[in-house]
Amino acid sequence: MLDNRSIITALTFLPLVFALLVLVVPNEQVKGIRTVAMLGTVANFVLSILMLIGFDGNTARMQFQQSVPWIPNFGINYHVGIDGISLWLIMLTTFLSVIVVGFSFNIKVRVKEYMFFMLLLQTGMIGVFVSLDLILFYLFWEAMLIPMYFLIGIWGGERRIYASLKFFLYTFFGSVLMLIAIISLYNLTGARTFDLVEIQNQLATQGLPHAQEMWLFAAFALAFAIKVPMFPFHTWLPDAHVEAPTAGSVILAGVLLKMGTYGFMRFCLPLFPDASQAAAGVIMTIAVIGIIYGAIVATVQPDMKKLVAYSSVSHLGFVMLGLFALNEQGLTGSLIQQVNHGISTGALFLLVGFVYERRHTRMIEDYGGLKRVMPLYAACFMIIMLSSIGLPGTNGFIGEILCLLGGFQANSVLGILGATGLVLGAVYMLWMFQRVFYGKAEGANLKMKDLNYGELAMIIPLIIMVFWIGLRPGYFIDKMRPSINNMIMQKEKRIDATWKSLESSMPSGTPKDTEVAN
């Protein structure tokens, strides 16, 4: 029987156990390989539900913590735990993993290796979200790159080698900078530990000099910005999405991109609050540029998959806008929109994959009139499309409106400019929908079959989530609110302490003192 101290460890490494079991199954027993992989993801999803049931949504403290000395001479521990910030991202990971493994049953080449890397990837992704030791976090961050590199490089499209190398090199470059910052933080704090909680406590009582904090923030922020990816570090994303197999695109959009935004929330904001405040205007401006740029470029794409890829650049701009608004509305919207994007954009990639399996083309001009021959598919696509553009009543609306409210509160001009992304998003999505589903169905399109039971079993859970979050957002927001409010409170305390320290170090007779005296 699992207890609170081991449930996170089990959740993290259970996919790895099933990945090793997959290797034991003979290559010719493809059905057995698929069954083991599916059992592993389903078991992990069930385990995550048990974690959700036991989660206390009324506290901001870390829960289900487990801390074991790993390399004690260097202050490195196996320390894991979750709070309201990581809870829903873990649930998103286990939920989407079941769907992508189900879709991957159509893989015919090197099935054992494919399922092994898919399960290994799940362990890496969950490990990132539960790590409370900086070195442990970095190891999971790097480990996650390896299976994704092979999934794109072996089972991807014609330019898969180029796309996988570009993905790996971009992310690895940022990771090296982050490692340097982690080691520097270890030395500068004097805490002699890589434990995130202890470092936060140390910095709360003894902050860093402003210049040092800015440099450390910059190193972490660059690594996370590449992973998001923020403009102008986004160029690896369209190539990776287009060349990746469908399941790889779903998990890349649904989970991997959230590691960057999660990194900002988990590390940059609490560890470097002064630097985060100082950089907020610049990052919000870049986020708005990404919103508008991604939407405009998506509008002119002839490839459905590439259109959805560029839409991610735009949608994640909303996430970053809300995140660096540094207020409750913005941070809440940012976190819920991370989950929403994983559901809606993951579903779009899945739907594109359904028709690609039938026609082996993603070009918009090759389709037309699908509403008549695939009515179920058209209905599902329309629902997901409307959630993507933020129709009220769907999940996309609550996330984007909170991000914009937070952004407007922090900077009204940027909030207004960011809102133009909603209009542009409707333009490219509705135009694509019109060209693909309306008009006259001709040639091979006339012979296309509607969604089968297996495909419906994959897309319907995503549609349920679209309406559940859209109509009952309070259930999700309530569990994250204590952690977000605590983050804001700690940030304000750190900033106030910094200002008091600066004021106390100022000599008497300064303009500030004179002004107060007057």
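This is a short talk on one protein chain, from its overall build down to a few single residues.

Good morning, everyone. A word of caution first: this is a predicted model. Every value I give is computed from it.

Let's start with the whole chain. It has 22 helices and two strands. There are 518 residues, and a compact globule of that length would have a radius of gyration near 24 Å. The chain has 23 Å, so it agrees with the globule rule. Along the principal axes, the C-alpha atoms fill a box of roughly 85 × 50 × 40 Å.

Now the inside. Buried residues account for 58% of the 518. Look at contacts with a sequence separation of 6 or more: 80% of them join residues 24 or more positions apart.

And the outside. The exposed area is about 20,300 Å². Carbon and sulfur atoms supply 65% of that area. On charge, I have 33 positive and 29 negative side chains. The centres of those two sets lie 9 Å apart.

Next, one helix: α6, residues 145-155. Which residues of α6 are buried? They are Leu 145, Pro 147, Met 148, Leu 151, Ile 152, Gly 153 and Trp 155. In an α-helix there are 3.6 residues a turn, so residues three or four places apart point the same way. Keep that in mind when you turn the helix on screen. What do the buried residues of α6 pack against? The partners are α4, α5, α7, α9, α10 and α11.

Two of those partners deserve a stop. Take α11, residues 246-256. Ser 249 sits in this helix. Is Ser 249 buried or exposed? Its relative accessibility is 0%, so Ser 249 counts as buried. The Ser 249 side chain reaches the backbone oxygen of His 241 at 2.9 Å. Leaving out residues up to four places away in sequence, Ser 249 touches His 241, Ala 244, Lys 305 and Phe 349.

Now α9, residues 210-227. Here we find Ile 226. Ile 226 is at 4% relative accessibility; the cut-off for buried is under 20%, so this residue counts as buried. Again leaving out residues up to four places away, Ile 226 touches Tyr 170, Thr 171, Phe 173, Gly 174, Phe 233 and Trp 236. Leu 237 is eleven residues further along the chain, and the C-alpha atoms of Ile 226 and Leu 237 are 9.6 Å apart.

On to backbone geometry. Most residues other than glycine have a negative phi, and most peptide bonds are trans. Some places here go the other way.

Where are the cis bonds I want to show you? One runs from Val 228 to Pro 229, with omega near -10°. Another runs from Phe 231 to Pro 232, with omega near 5°. Pro 229 lies in the loop between α9 and α10. Pro 232 is in the loop between α9 and α10 too.

Then positive phi. Arg 110 has phi near 50°. Arg 110 is in the loop between α3 and α4. With a relative accessible area of 47%, Arg 110 is partly exposed, because exposed starts over 50%. His 360 has phi near 55°. This histidine is in the loop between α15 and α16. The relative accessible area of His 360 is 55%, so His 360 is exposed.

That's the tour. Questions, please.

Technical notes: Residues are numbered from 1 along each chain as its sequence is written. This is a predicted model: local features need pLDDT of at least 70, side-chain atom pairs count only at pLDDT 80 or more; totals for chains, interfaces and linings use all residues. Side-chain values use heavy atoms; hydrogens and water are left out. Helices (H or I, at least four residues) and strands (E, at least two) are DSSP runs, numbered from the N terminus. The radius of gyration is taken over C-alpha atoms; the globule rule is 2.2 Å times the number of residues to the power 0.38. Buried means under 20% relative accessible area, exposed over 50%, partly exposed in between (1.4 Å probe, protein chains only). Contact means heavy atoms within 4.5 Å. Accessible areas come from the Shrake-Rupley method with a 1.4 Å probe; for residues, only the protein chains shown count as cover. Lys and Arg count as positive and Asp and Glu as negative; His and the chain ends are not counted. The place of a charge is taken as NZ of Lys, CZ of Arg, CG of Asp or CD of Glu. A polar contact is a pair of N or O atoms within 3.5 Å; within protein, one must be able to donate a hydrogen and the other to accept it, and residues adjacent in sequence count only if both atoms are side-chain atoms.
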